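Let's take a walk through this one together, starting with its charged side chains and ending with a single helix residue. Keep the viewer open as you read.

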Amino acid sequence: MKMTKKILVSAVFAVAAAISPAHAQDYPQGNINFVVPFPPGGGTDIPARLLLQQISQDSGWNFVVENRPGAGGNIGLAQLARSAANGQYLGMGQTSNLAVNPSLYSDIPYDSIKDFRHIAVISTQPMVLVTHAKSPIENMDGFLAAAKKAPGSILFGTPGSGTVAHLSMELLSGEGGIELTHVPYPGIAQAISDVMSGVVDVYIGSLPSVLPHIRSGSIRALAVTSQERNAVLPDVPTVAESGFAGFDTADWKGVVGPAGMSDELVTKLNAAINTALQSESLRQAIEAEGSTVILEDSQWFSDLLANELERWAEVVKVSGATVN
């Protein structure tokens, strides 16, 4: 009996030691695994790596980025949701996989509200509709005219089904009374290659992911989806300017962790993220890509997500968008 008690006591201490990384004062314990649910080089991967680099410089924490693309970001976030809630597993959520996908996928493997701690939103940015540099489509009027002339003939690429880019085009086609054919891609590299070679007529993606190609002249920007023009592309009109009054879609990105993380740890991570975002070099890097830096607490993120879930559910319903 005494031996059994000793074993039980030892087991209790062993469990306590195992979960101790969940306490902020002991955090982190080794490398922090960070899931990016899209391929390298895209609009989610780039800001994630910039952020982690700055946090590492500020705190000395080490991050290991894991790109887990697929199913519009569902695969990567599903993996994160099943991970230990000790702060050693974090990831980058965004509008599509947290707010849009729950209305698009009947079998989504996580609950955006219940399965995650919403740590900090880092930025927001518009989508940009682009075509190849020698395309006969020179502006939004030309795009709309081509689409109306031959319904279904215009191929539009996106970074995946259910992304904000995809839903933005569904909204545009619905409001414009045009029929387009969707070509989802698993990432930016092949998509840009295909739009530059004319395999698809147009592509829509986040501003940071397409900006280098716009600046190089390999693709032409037709419109941004924000209500106002973006500072880094002042000569590119908004969709709203092309006869779609009130049209306004954007993508936000935020760091999340598995449900069960302590409030203390979430607060510590939120502080580290916001400190990094106030770095002049990081802020300039994010804003140079057409994004807006966000500095808010974790509750603000949770409130935003609740509102966005309702908004995008209505968009999916009205547009009739599917992931097929």
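Is E287 buried, partly exposed or exposed? Bear in mind that you're looking at a predicted model. With a relative accessibility of 38%, E287 comes out as partly exposed. Its partner is R283: the two side chains form a salt bridge, with 3.3 Å from N to O. R283 is partly exposed as well, at 24% relative accessibility. Both sit in helix α10, which covers residues 280-288, and because they are four residues apart there, about one helical turn lies between them. The general rule behind this is that an α-helix has 3.6 residues a turn, so residues three or four places apart point the same way.

Now slide along to helix α11, residues 298-319, where R311 and E308 are three residues apart, again about one turn of the helix. They make a salt bridge too, and here the closest N and O atoms are 4.0 Å apart. The surroundings of the two partners aren't alike: R311 is partly exposed, with a relative accessible area of 34%, while E308 is buried at 10%.

What about a pair with both ends tucked away? Try D251 and K253, whose closest N and O atoms are 2.5 Å apart in a salt bridge. D251 has 5% relative accessibility and therefore counts as buried; K253, at 1%, is buried too. In general terms, side chains of opposite charge can pair when their charged atoms come close. The structure has seven salt bridges, and these pairs are among them.

Time to zoom out. The chain splits into two parts: domain 1 is made of residues 32-124 plus 251-319, and domain 2 of residues 127-242. Taken over C-alpha atoms, their centres are 25 Å apart. Where they meet, 24 residues of domain 1 contact 20 residues of domain 2.

How many salt bridges are there between domain 1 and domain 2? The count is zero. Polar contacts do turn up between domain 1 and domain 2, with two residue pairs, both at pLDDT 80 or more. On the side of domain 1 that touches domain 2, α4 (95-104), α10 and α11 each supply at least two residues. The most come from α4, which gives five. Sorted by class, that side of domain 1 has eleven nonpolar, ten polar and three charged residues. As for area, about 1500 Å² is buried between domain 1 and domain 2, and carbon and sulfur atoms give 69% of that.

Next, have a look at helix α3, residues 74-81. Its buried residues are N74, G76, L77, A78 and L80. Among the elements covering these buried residues are the strands β1 (32-36), β3 (89-94), β4 (116-132) and β9 (250-258), along with helix α4. That is the α4 that also gives five residues to the side of domain 1 touching domain 2.

One last stop: N274, in helix α9, residues 263-277. N274 counts as buried, with a relative accessibility of 11%. What does N274 touch, leaving out residues up to four places away in sequence? The list is I294, L295 and E296. With E296 there is a polar link as well: a polar atom of the N274 side chain lies 3.2 Å from the backbone oxygen of E296.

Notes:
Residues are numbered from 1 along each chain as its sequence is written. This is a predicted model: local features need pLDDT of at least 70, side-chain atom pairs count only at pLDDT 80 or more; totals for chains, interfaces and linings use all residues. Side-chain values use heavy atoms; hydrogens and water are left out. Buried means under 20% relative accessible area, exposed over 50%, partly exposed in between (1.4 Å probe, protein chains only). Domain bounds come from an automatic or database domain assignment. Contact means heavy atoms within 4.5 Å. Buried area is the accessible area (1.4 Å probe) that two parts lose on being put together, summed over both. A polar contact is a pair of N or O atoms within 3.5 Å; within protein, one must be able to donate a hydrogen and the other to accept it, and residues adjacent in sequence count only if both atoms are side-chain atoms. Ala, Val, Leu, Ile, Met, Phe, Trp, Tyr, Cys and Pro count as nonpolar, Asp, Glu, Lys and Arg as charged, and the others, Gly among them, as polar.
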